[in-house]
Amino acid sequence: MTGGRGRAHVAGVCLGILVVGLGVAAYSRWSDGDESDAGSSSRWSAAVTGVCTATEQARAGDVAGARRTFLDDSHDPLHLLANEVSEDDRGAAAELLEAKERVESELEQGPASLSRDLEALVAATRDAIRTTDGPVPGPCP
Amino acid sequence: MKPGPWRRALVAAGALLLAATACSGSDDGASDDAAAATISAEVASFDLAAGRGERFILGFFAGDNRVLAYGNVTLRFAYAGTREAPQQEAMAGAPVEASYLPVAGQDIDPDKPSPRLVAPSEARGVYGATGVRFDRPGFWAVVAAGTADGEPFELDAAFEVKAAPQVVAAGEPAPRTENPVAGAPGVDPVAIDSRADDGEIPDPELHSTTVAGALAGGRPVVVVVSTPVFCVSRFCGPITESVQELAQEFGDRVDFVHLEVWQDFENQVVNPAAAEWISPRDGGDLREPWVFVAGADGSVTERFDNAVTDTDLRRAVEAVAASV
């Protein structure tokens, strides 16, 4: 960066490795959301659980609660899952993203079909996870 | 689009990541700090070039899905070389303050002090600084320092700076795009807006004119290149809806155009109109969303990659509207 007055020594020999390594980290994480298999499976499973909980809340008429649960527990992991799946199975990624978008739209508008669309999102998410060869969480209780 | 050689090369270099992780962390031993141990920093900028005043944005994520929000963090940048000639040592530049930038479409108070880890339902956003100048292309490292819920953290990330912008940039002529508008014969409505799976194209104000027509008429134009359904950035927000709201307010002075990214998402066919704006010139991976603002003279005045606040969008639109 220009204008680097008061320069400080921030890294030694490691930085040469850090350069490329962190480049990989930043770029590929941003592009792909790659994680370890175990970490991914856990995250996908938590996303399904979140959608199941949101479904229960929607069925009970608690749209605000469903929205909160969806955003806090499922939204980001579903994006990361779609990104990962899109490398190998664009159709599964498309179905997941379409189902997610329907839910997001309805969470803002609160129509009566919300719980049905949440159930569809659970199915699309489980289908997407199946393409990763990871363990597929069971359906909502 | 198919993965480019650059991306493949990066993935192949993944083994170096382990060594990098072992070397990363803060100078003062804070790497074992609980907050730092659970937060990661991710550079969110899509297209950084040397020798320009760039908008640099990055986000912070905890392992439990929480995100860092509010307040400021301090950034220090260091040139780290190239793949062919990595630096063995790097010198950090002067600190730069980065402020919290909530993703558009949220109703939150961005002025709450002190960064906090919050649930995404409370706030989602990035930290950003403008006018950041990188004096040469190559890999750069950023060290971000701040507090999360009062606990200090220091995190690093790396990113690439190109020799020149790879996507349409401020100061360049806006592409005279002949994009298909709503009702265009032979065009799948979903290729005009991915939300149109029922055949009905939403937000008519964004799909009624071409960029070329707006510019030929001497009107400023705002171009949002996005895919509301198929967005895969974790910062995806209702950016298209936010632009639509501005269209309703400024439509008498400014034209607004949405360009859907995908002609066919499943078969990875990018819309030619969108490609004119966001396909990297070096053949790199296409990333979205983007918002571009062009003045009545046809030059791009501002562009926003990935995440943008309602405040920044409005300011950019007001500036070109005032010039009419």
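Which elements of chain B each supply at least two residues of the lining of the largest cavity? I shall answer that question, and then turn to the domains of chain B and to some details of its backbone. Please keep in mind throughout that this is a predicted model.

Let me begin with the cavities. Searching the whole structure gives three cavities of 30 Å³ or more. The volume of the largest cavity is about 70 Å³. The elements asked for in my opening question are α4 (189-192), β12 (255-260) and α7 (272-278) of chain B. Of these, β12(B) gives the largest share of the lining, namely three residues. If you wish to find this cavity in the structure before you, look for its lining residues, among them Ile192(B), His207(B), His258(B), Glu260(B) and Asn271(B). Sorted by class, the lining of the largest cavity comprises six nonpolar, four polar and one charged residues.

The second largest cavity holds about 50 Å³ of space. Its lining includes Val103(B), Ala104(B), Phe235(B), Cys236(B), Pro289(B) and Asn306(B). Here the classes are nine nonpolar, two polar and no charged residues. I ask you to remember two of these lining residues, Ala104(B) and Pro289(B), for each will return shortly.

I now come to the domains. In chain B, the domain assignment gives domain 1, covering 3-161, and domain 2, covering 189-322. How many residues of each domain are in contact with the other? On the side of domain 1 there are 22 residues, and on the side of domain 2 there are 21. Between them, the two domains of chain B bury an area of about 1,900 Å², and carbon and sulfur atoms give 52% of that area. Within domain 1, the residues that lose the most area to domain 2 are Phe46(B), Arg55(B) and Ala104(B), which together account for 39% of what that side buries. Ala104(B), you will recall, also lines the second largest cavity.

Next, let us consider charged pairs. As a general principle, side chains of opposite charge can pair when their charged atoms come close. Over all chains, the whole structure contains 22 salt bridges. Two salt bridges are found across the interface of domain 1 and domain 2 of chain B. Consider the pair formed by Arg55(B) and Asp305(B), whose closest N and O atoms are 2.6 Å apart. Where in the chain do these two residues lie? Arg55(B) belongs to strand β2 (residues 54-62) and Asp305(B) to strand β16 (residues 300-305) of chain B, so this salt bridge ties together parts that are 250 residues apart in sequence.

Finally, I should like to point out two features of the backbone. The peptide bond joining Glu288(B) and Pro289(B) is cis, with omega about 10°. Pro289(B), the other residue I asked you to remember, sits in the loop between α7 and β15 (290-294) of chain B. The second feature concerns Tyr70(B), which has a positive phi of about 75° although it is not a glycine. Tyr70(B) is located in the loop between β3 (67-69) and β4 (72-81) of chain B.

That concludes my presentation. Thank you for your attention.

Terms used. Residues are numbered from 1 along each chain as its sequence is written. Chains are lettered from A and ligands numbered from 1 in the order in which they are written. This is a predicted model: local features need pLDDT of at least 70, side-chain atom pairs count only at pLDDT 80 or more; totals for chains, interfaces and linings use all residues. Side-chain values use heavy atoms; hydrogens and water are left out. On a 1 Å grid over the protein atoms alone, a cavity is a set of points where a 1.4 Å probe fits but cannot get out, and a pocket is an open set with protein on both sides within 12 Å along at least five of seven lines; lining residues have an atom within 4 Å of a point. Grid points are joined across faces, edges and corners, and a volume is the space filled by probe spheres set on the points. Helices (H or I, at least four residues) and strands (E, at least two) are DSSP runs, numbered from the N terminus. Ala, Val, Leu, Ile, Met, Phe, Trp, Tyr, Cys and Pro count as nonpolar, Asp, Glu, Lys and Arg as charged, and the others, Gly among them, as polar. Domain bounds come from an automatic or database domain assignment. Contact means heavy atoms within 4.5 Å. Buried area is the accessible area (1.4 Å probe) that two parts lose on being put together, summed over both. A salt bridge is a side-chain nitrogen of Lys or Arg within 4 Å of a carboxyl oxygen of Asp or Glu.
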